[in-house]
Amino acid sequence: MRVVSGMRPTGKLHLGHYIGVLKNWKELQNRYESFFFVADWHALTTKFDEEIDLKAQSIELVKEWIACGIDPRKATLFIQSEIKEHAELYLIFNMITPVSWLERNPTYKDAMAQEEYKKKNNAGFLTYPVLQTADIVIYDADLVPIGEDQKPHLELARDIVNRFHYLYKKEIFKEPKEMLTEMARLPGLDGRKMSKSFNNAIYLDETPEEIWNKVRMAKTDPARIKKTDPGHPEVCIVFEYHKAFSTPEEVAEIENACRKGSIGCVECKKRCAANIEKVVGPIREKKAKLKNEDILDIIKKGNKKAKDLAAEKMKKVNEVIF
Ligand code: TRP
Ligand code: SF4
């Protein structure tokens, strides 16, 4: 079974990426033939007008993946824009995809409800699920690990595949299935979605001091004023972090102590920060040791492998159409 997934290079990775995506990829690479790629063309669908160094950010992203435990000997790591066949297949799929299918995509509808996107309303944003379809089916992916919000894109991918098969009377693609990890979603320090724009994220390259300073500021149960006030872990962000980073025994102990009012929030936060550091520390150290030239080498090999498969598939596509 083959797994394909992509991530946009839109800046430093944070704990939410680690808990929500990379921990899962780490498991998948042991169980499936895995292809993980930097979706740099996808980044352009919304950020075409921003001054970002996509090349540098892509290399940095692959470096962070590897620091997190993605193993280039197990998984194929590559850069989307280096495999021009994705664009070729995107073009073909754009020919056969009704605009109405794209206009009813919830991601598109949500964006159009925001003034900022409505002003841009670029064709690439409307058609980005078509590019995503090409990314996936060009490699005959069986499974695509994605978040809940991406589910409609996988449905669309299957619809496009079926339409292609119907129109050209030849079944050359696999129908991909989404793989929804009961995604451990880690909230930001203020309880909203963890995001750079909310300034509520802890990044994978932060020092123990920086981690502590952020955890220190995290929202806790507002009902606790004195240390002996009984607490409600279910409304506390710090407790969410404990669930993600502490052992089950420690989580149970903290829950109990919080409810009884026998642990203070400061102590609880200190333990939380220390457990985050146990995960982040090795990632930070591994990242510091990785050299750009080695990353470039890994990408070059990954690109080659991806390119061979993609070219083979495009040959079939073109034989069917022309
Ligand atoms: N659209 C995905 C996102 O925004 C990224 C992505 C691009 C992707 N192509 C993909 C994910 C193919 C899975 C498979 O996060
Ligand atoms: Fe949250 Fe811990 Fe304070 Fe309980 S003791 S409210 S879990 S920080």
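How far is a nitrogen atom of ligand 1 from an N or O atom in the side chain of Asp-135? In this predicted model, the separation between that nitrogen atom of ligand 1 and the side-chain N or O atom of Asp-135 is 2.7 Å. The briefing below begins with the surroundings of ligand 1, passes to ligand 2 and the cavity whose space ligand 2 takes, and ends with several loop residues, among them Asp-140, for which phi is positive.

**Surroundings of ligand 1**

- There are 13 residues around ligand 1, and those that come nearest are Arg-8, His-42, Gln-132, Asp-135 and Gln-150.
- Arg-8 places a polar side-chain atom 2.8 Å from an oxygen atom of ligand 1, whereas for Gln-150 the partner of the polar side-chain atom is a nitrogen atom of the ligand, at 3.1 Å.

**Ligand 2 and the largest cavity**

- Searching the whole structure for cavities of 30 Å³ or more gives 1, and the largest cavity holds about 100 Å³ of space.
- The space of this largest cavity is the space taken by ligand 2, and the elements that contribute two or more residues to the shell around the ligand are helix H12 (237–245) and helix H14 (265–289).
- The shell around ligand 2 is made up of Thr-220, Asp-221, Arg-224, Cys-236, Val-238, Phe-239, Cys-258, Ile-263, Cys-265 and Cys-268, and by residue class it consists of 7 nonpolar, 1 polar and 2 charged residues.
- The lining of the largest cavity includes Pro-233, Ile-254, Cys-236, Cys-258, Cys-265 and Cys-268, and its residues divide into 9 nonpolar, 1 polar and 2 charged.
- At least two residues of the lining come from each of H12, helix H13 (248–260) and H14.

**Loop residues with a positive phi**

- As background, most residues other than glycine have a negative phi.
- Asp-140, which belongs to the loop between helix H9 (128–137) and strand S4 (143–146), has a phi near 55 degrees, a positive value in a residue other than glycine.
- Asp-140 counts as partly exposed because its relative accessible area is 24%, a value between the 20% and 50% cut-offs.
- Lys-169 also has a positive phi, near 55 degrees, and is located in the loop between helix H10 (151–168) and strand S5 (177–180).
- With a relative accessibility of 72%, Lys-169 is classed as exposed, since exposed residues are those over 50%.

**Buried loop residues**

- Asp-71, in the loop that runs between helix H3 (54–67) and strand S3 (75–79), has a relative accessible area of 12% and is therefore buried, the cut-off being under 20%.
- Although Asp-71 and Trp-25 are 46 residues apart along the chain, their C-alpha atoms are separated by 9.9 Å.
- Ser-195 lies in the loop between S5 and helix H11 (208–216), and this serine is likewise buried because its relative accessible area is 15%.
- Through its side chain, Ser-195 makes a polar contact of 2.7 Å with the side chain of Ser-197.

Definitions and conventions:
Residues are numbered from 1 along each chain as its sequence is written. Chains are lettered from A and ligands numbered from 1 in the order in which they are written. This is a predicted model: local features need pLDDT of at least 70, side-chain atom pairs count only at pLDDT 80 or more; totals for chains, interfaces and linings use all residues. Side-chain values use heavy atoms; hydrogens and water are left out. A residue is near a molecule or strand if one of its heavy atoms lies within 4 Å of it. On a 1 Å grid over the protein atoms alone, a cavity is a set of points where a 1.4 Å probe fits but cannot get out, and a pocket is an open set with protein on both sides within 12 Å along at least five of seven lines; lining residues have an atom within 4 Å of a point. A molecule sits in a cavity or pocket if more than half of its atoms lie within 2 Å of its grid points. Helices (H or I, at least four residues) and strands (E, at least two) are DSSP runs, numbered from the N terminus. Ala, Val, Leu, Ile, Met, Phe, Trp, Tyr, Cys and Pro count as nonpolar, Asp, Glu, Lys and Arg as charged, and the others, Gly among them, as polar. Buried means under 20% relative accessible area, exposed over 50%, partly exposed in between (1.4 Å probe, protein chains only). Grid points are joined across faces, edges and corners, and a volume is the space filled by probe spheres set on the points. A polar contact is a pair of N or O atoms within 3.5 Å; within protein, one must be able to donate a hydrogen and the other to accept it, and residues adjacent in sequence count only if both atoms are side-chain atoms.
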